[in-house]
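Trainee: I should like to understand how the descriptive terms applied to a structure are justified. May we go through them one by one?

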Amino acid sequence: VTAVNGPDGTPHHYLGQLEDITERRLAEERLHASEERFRALSERATDVLTLFDGEGRTSFWSAGATEALGWTPDEVVGRLAMDLVHPEDSAAAGRFLVELASAPGAALPFTVRIRHRNGSWRVLDSVCRNLLHVPAVRGIVVNSRDVTEQRRLEEQFQQSQKLEGIGRLAGGVAHDFNNILTVILSCA
């Protein structure tokens, strides 16, 4: 308490209290740095990173998801994840989500076709982790990679192997037929 005389000569008393907030400031700075690090990692990741709530609605859509699938976060956040799943895959995806939701902490692989914004379909290899029980997350974290081109190349390779096999078979049949014709011509 300090006494100070006012303009009229009467003493004024001021009461003050100081509090050391250094620790709180440091904690806030660490939290801010941690948030910035998470944001930088999630926004610059090349993988498709999404988060679905317990009802299957999209609650997070990464920049990598936008890059791979064309949809912006504004277009998909709040929508059911199943809205983008290929109709032929929807039954299996539904069963998978029920299985995953019943296993807190589980991480399961899953491959699914997802509609790109341009109407085409992309094949995503995913690992889905159930973190619905974790208060800070309360969701299913899905980390996916677009393997559409890889699958297309694998199919082309399988086709070329089939054609090679057919070519060998045809060559073998022609060789055998030529041997039979040689015997017939020799006898004739």
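Mentor: Let us begin with alanine 93, which lies in helix α4 of this predicted model.

Trainee: Why is alanine 93 called buried?

Mentor: Alanine 93 has a relative accessible area of 5%. Buried means under 20%, so the term applies to alanine 93. Beyond its neighbours up to four places away in sequence, alanine 93 touches Met82, Val85 and Phe110.

Trainee: How far is alanine 93 from glutamate 155 in sequence and in space?

Mentor: The two are 62 residues apart in sequence, and their C-alpha atoms are 23 Å apart in space.

Trainee: What makes the contact between aspartate 47 and arginine 145 a salt bridge?

Mentor: Their side chains meet at 2.8 Å, N to O. The limit for a salt bridge is 4 Å between a side-chain nitrogen of Lys or Arg and a carboxyl oxygen of Asp or Glu, so this pair qualifies. Aspartate 47 lies in the loop between α1 (22-44) and β3, while arginine 145 is in strand β7, so the pair ties together parts that are 98 residues apart in sequence.

Trainee: Why are aspartate 47 and arginine 145 given different labels for accessibility?

Mentor: Aspartate 47 has a relative accessible area of 17%, which is under the 20% cut-off for buried. Arginine 145 has 48%; partly exposed covers values between 20% and 50%, so arginine 145 is called partly exposed.

Trainee: How many salt bridges does the structure hold?

Mentor: There are 7 salt bridges in the structure. Among them, glutamate 55 and arginine 57 meet at 3.8 Å, N to O, and aspartate 83 pairs with arginine 79, with the closest N and O atoms 3.8 Å apart. Both distances are within 4 Å, so both pairs meet the criterion. In addition, salt bridges link Glu88, Asp89 and Arg113 in a network.

Trainee: Which label for accessibility does each of glutamate 55 and arginine 57 receive, and why?

Mentor: Glutamate 55 has a relative accessible area of 61%, and exposed means over 50%, so glutamate 55 is exposed. Arginine 57, at 33%, is partly exposed. Aspartate 83 at 34% counts as partly exposed, and arginine 79 at 26% is also partly exposed.

Trainee: How do you know that asparagine 130 is buried?

Mentor: Asparagine 130, placed in strand β6 (residues 121-131), has 1% relative accessibility. The cut-off is 20%, and therefore asparagine 130 counts as buried.

Trainee: What makes the approach of asparagine 130 to leucine 100 a polar contact?

Mentor: A polar atom of the asparagine 130 side chain lies 2.8 Å from the backbone oxygen of leucine 100. The limit for a polar contact is 3.5 Å, so the distance satisfies it. The side chain of asparagine 130 also reaches the backbone nitrogen of leucine 132, at 2.9 Å. Other residues that asparagine 130 touches include Pro104, Gly105 and Ile140.

Trainee: Where is serine 62, and why is it called buried?

Mentor: Serine 62 is found in the loop between β4 (58-61) and α2 (63-69). Its relative accessible area is 1%, which is under 20%, so serine 62 is buried. Apart from neighbours within four places in sequence, serine 62 is in contact with Ser42, Asp47, Val48 and Leu49.

Trainee: Which residues touch the most other members of the largest nonpolar core?

Mentor: That core has 22 residues, and Trp61, Leu69, Trp71, Leu84, Leu100, Ile114 and Cys128 touch the most other members. The elements giving two or more residues to this core are β3 (48-52), α2, α4 (90-101), β5 (107-115), β6 and β7 (139-146). As for tryptophan 71, the residues it touches beyond four places in sequence include Trp61, Val76 and Leu84.

Trainee: What is notable about the phi of arginine 138?

Mentor: Arginine 138 has a positive phi of about 50 degrees although it is not a glycine. Most residues other than glycine have a negative phi. Arginine 138 sits in the loop between β6 and β7. At 51% relative accessibility, arginine 138 is over the 50% cut-off and so counts as exposed.

Key:
Residues numbered from 1 in each chain as written. Predicted model: local features only at pLDDT ≥ 70, side-chain atom pairs only at ≥ 80, totals over all residues. Heavy atoms only, no water. Helix = DSSP H or I, 4+ residues; strand = E, 2+ residues; numbered from the N terminus. Buried < 20%, exposed > 50% of the residue type's maximum accessible area, 1.4 Å probe, protein only. Contact = heavy atoms within 4.5 Å. Polar contact = N/O pair within 3.5 Å; in protein donor to acceptor, adjacent residues only side chain to side chain. Core = buried A, V, L, I, M, F, W, Y, C linked by side-chain atoms within 4.5 Å.
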